[in-house]
Amino acid sequence: MKRLDFLVEGLKDLKTVGTVTRSSRSLCRNMIKHVNFKEADLIVELGAGDGVITRFILEKMKPDAKLLVFEVNSKFCDILRSIGDERLIVAEDSAEELDHYLQQLNATKVDYVISALPFVALPKELGLDIVGKCYRFMKQGGRYVQVHYSLLSKKLYQSIFGNVDINFVPFNVPPAFVLVCEKK
Ligand SMILES: C[S@@+](CC[C@H](N)C(=O)[O-])C[C@H]1O[C@@H](n2cnc3c(N)ncnc32)[C@H](O)[C@@H]1O
């Protein structure tokens with residue numbers, strides 16, 4: 001998908017997409033540097049868009065690992081499916097359905113969650129539900145990595161994980177924060 005097409009999807013439904021530009025390479029690299037790919041068997045990505053971070057994750061993942069991605073925009077899901085990687089499972093569904101998909105996969109634990117969900121624009125209860133489920137299914141020592149363009153939602157992660165580490169990424173439009181929480 002071209003940048004212009006992403007812009008169109010963003011403009012069509014800004015409340016759900018949350019932005020009109022996909023993440024920069026610099027932001028993608030910052031998001032995935034918090035993942036220990038040698039020990040990651042199941043990674044979950046929330047709000048995958050047209051797969052810009054997805055491709056970075058797949059490039060680093062073990063051959064026998066799985067990547068479960070959630071995306072509600074059907075055009076983006078078509079693009080994600082066209083990646084055609086056996087390790088990639090595309091859930092054309094809302095991230096709050098995480099528990100059902102894990103059940104279908106017979107998976108009890110998630111190693112890492114990488115999220116670009118626009119929580120600032122989504123209802124607060126939905127954010128609490130999604131991040132709460134991620135915490136519940138995450139293995140001890142696993143990490144939840146979230147991108148934001150402000151620190152307005154920091155308290156959401158603090159209240160669930162009890163810790164949030166903040167990284168600033170200037171080379172993105174707009175400049176972004178990568179929030180990293182660990183399940184202690
Ligand atoms: C800010 S965009 C990020 C796209 C891409 N990951 C990137 O970094 O450029 C957020 C994405 O989250 C998706 N989204 C919004 N609400 C969602 C939900 N409840 N479940 C799954 N995806 C959702 C939107 O459709 C959009 O593609």
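Seven strands come together here in one open sheet, lined up in the order 3-2-1-4-5-7-6, with mixed pairing. Keep in mind that this is a predicted model. At the edges sit strand 3 and strand 6 (165-169), each of which pairs on one side only. On average, neighbouring strands of this sheet are turned by 15° against each other, ignoring direction.

**A quick bit of background**
- Strands of a sheet pair through backbone hydrogen bonds, and the pairing can be parallel or antiparallel.

**Strand 2 and its neighbours**
- Strand 2 covers residues 66-70, and four of its five residues are buried, so the rest of the structure largely encloses it.
- Strand 1 (residues 42-46) runs parallel to strand 2, and five bridges join the two.
- In that pairing, L42 stands opposite K66 of strand 2.
- To get from strand 1 to strand 2, the chain passes through helix 4 (residues 52-60), making a right-handed β-α-β crossover.
- Strand 3 (residues 88-91) also runs parallel to strand 2, this time with four bridges between them.
- Here L67 has L88 in strand 3 as its bridge partner.
- Another right-handed β-α-β unit is made by strand 2, helix 5 (residues 74-81) and strand 3.

**The antiparallel pair**
- Strand 5 (residues 138-148) and strand 7 (residues 176-182) pair in the antiparallel sense, with six bridges.
- If you want a spot to look at, try R143, which stands opposite E182 in strand 7.

Technical notes:
Residues are numbered from 1 along each chain as its sequence is written. This is a predicted model: local features need pLDDT of at least 70, side-chain atom pairs count only at pLDDT 80 or more; totals for chains, interfaces and linings use all residues. Side-chain values use heavy atoms; hydrogens and water are left out. Buried means under 20% relative accessible area, exposed over 50%, partly exposed in between (1.4 Å probe, protein chains only). Two strands pair if DSSP finds at least two bridges between them. A crossover is right-handed if, with the strands pointing away from the viewer, the path from the first strand over the helix to the second runs clockwise. Axes are lines fitted to C-alpha atoms, for helices over the stretch in contact, and angles run from 0 to 180 degrees between N-to-C directions.
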